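Welcome! Please take a moment to look over the sequence and the structure, and then we can walk through a few places together.

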Amino acid sequence: MAADIPIIDAHIHLYPESELETLRWCTPDHPLYKQHSLEEYRAATEGSTPKGFIFLETDRKNDLEAGEKDGSGWKYPLMEVNWLKRIITGQPKPGEGHTKDDASLCVAYIPWAPLPSGAAVMEKYLDLVKQEAGESWPKVRGFRYLLQDKPNGTMLQDKFIESLKLLGRKGFVFDLGVDQHNRGRTQLEEVVEMIDRAHEGVPEDQKVTIIINHMCKPDLTIYNVQTSPSFIAWRTAIFTLSKCSKTYMKLSGGFPEMPESLRQRSPEDIFDAISPWMSVVLAAFGAPRIMFASDWPVCTVGVDDAWHKWKKIVERLCWMASFEDEEKRAIWGGTALKAYGIEA
């Protein structure tokens, strides 16, 4: 890619060693159970370090019921907001792996939010986030409640839809994380219904923008996509989701969905293997609505030099599609800035 095209990495996670115990998923035997801060990110992206990144909440421990009652269930997600504030304001605690020079790298961050609790509770929570974020509040561009491991029907509850409409009214995006590989077509069908209900009867300028994570986590182990019910269901859902102008897609999260043997192959071989999925995303959304995102450090599990490897895969997509510089600029950063409402 042209050296003068700046990169915005639209999906990374960061956490200091001192807060490992607050992560809901990260047990001491997990390969990511160690600090992942800006020092580590700069090392992982050396030679191509992006102009900026968008931080996504890292699934901290939470309790919806306790949060609704007295706010105590939101302790760790709010602690994460404080962590991002320290990065953005250049005020690290000792040993946290970031410096004042890193402050400008975070162009936006997406905290956790209790969407299943409904609009009234969300209002209270957003006030607390604003208070905790302080001067970093303008960089809060949206929220996420990870749905990939939640019971079927969670995103279709009335309170969840209320919360999505509230985010739209307030100009925040919703980052959507679902998992077709492990949860099947049901989650994708629910996503289509969720978006329809969240947008129904809402003025265009108040419809919540949905930014879809990791291509909906498709099953990249499939060999014959022409006859695979899983691939066909995923393809149908992707084209349906793309019909809504308020949806965007992240080119990210591929490595965990591949066979282990494929992860070890060259970027060129990997691209060839996953090109049916990449082609569908490109045909459905087009360059103006897809964005490069690494999902660092999750992408590193079982993959050497994962950040650069995924970058080369996306570069190959741009090459195969014969993109002009304008389209490349969109994928490598422009789409993310537009979708999240970030000033360039």
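## A glutamine in a loop

Let us begin with a single side chain in this predicted model. The side chain of glutamine 35 comes to 3.0 Å from the backbone nitrogen of glutamate 17. A polar atom of that glutamine 35 side chain also lies 3.4 Å from the backbone oxygen of glutamate 96.

Where does glutamine 35 lie? You will find glutamine 35 in the loop between strand S1 (8-12) and helix H1 (38-44). Is glutamine 35 buried or exposed? Its relative accessible area is 13%, and buried means under 20%, so glutamine 35 counts as buried. Leaving aside neighbours within four places in sequence, the residues in contact with glutamine 35 are Tyr15, Pro16, Glu17, Glu40, Gly95, Glu96 and Gly97.

## An enclosed strand

Next, have a look at strand S3 (residues 106-110). Five of its five residues are buried, so S3 is largely enclosed by the rest of the structure.

Strand S2 (residues 52-56) pairs with S3 in the parallel sense, over four bridges. To see one such partnership, find leucine 56: its bridge partner in S3 is isoleucine 110.

## An open sheet of five strands

Now for a sheet. Five strands form an open sheet in the order S4-S5-S6-S7-S8, and their pairing is parallel. Strand S4 (142-144) and strand S8 (290-292) are the edge strands, as each pairs on one side only. On average, neighbouring strands of this sheet are turned by 25° against each other, direction ignored.

At the S4 edge, three bridges join S4 to strand S5 (residues 173-176) in the parallel sense. Here arginine 144 stands opposite aspartate 175 in S5.

## A helix with a buried side

Our last stop is helix H8 (residues 229-242). At 1.5 Å a residue, its 14 residues should span 20 Å, and the end C-alpha atoms are indeed 20 Å apart, so the two agree.

Which residues of H8 are buried? They are Phe231, Ala233, Trp234, Ala237, Ile238, Leu241 and Ser242. These residues cover an arc of only 160° around the axis, which means that they sit on the same side of H8. As background, an α-helix has 3.6 residues a turn, so residues three or four places apart point the same way.

What do the buried residues of H8 pack against? Their partners are helix H6 (180-183), helix H7 (185-199), strand S6 (210-212), strand S7 (247-251) and helix H10 (267-285). Two of these names may be familiar: S6 and S7 belong to the open sheet described above.

Notes: Residues numbered from 1 in each chain as written. Predicted model: local features only at pLDDT ≥ 70, side-chain atom pairs only at ≥ 80, totals over all residues. Heavy atoms only, no water. Helix = DSSP H or I, 4+ residues; strand = E, 2+ residues; numbered from the N terminus. Expected span 1.5 Å × (residues − 1). Buried < 20%, exposed > 50% of the residue type's maximum accessible area, 1.4 Å probe, protein only. Arc of directions from axis to C-beta. Contact = heavy atoms within 4.5 Å. Pairing = 2+ DSSP bridges. Axes fitted to C-alpha atoms, helices over the stretch in contact; angles between N-to-C directions. Polar contact = N/O pair within 3.5 Å; in protein donor to acceptor, adjacent residues only side chain to side chain.
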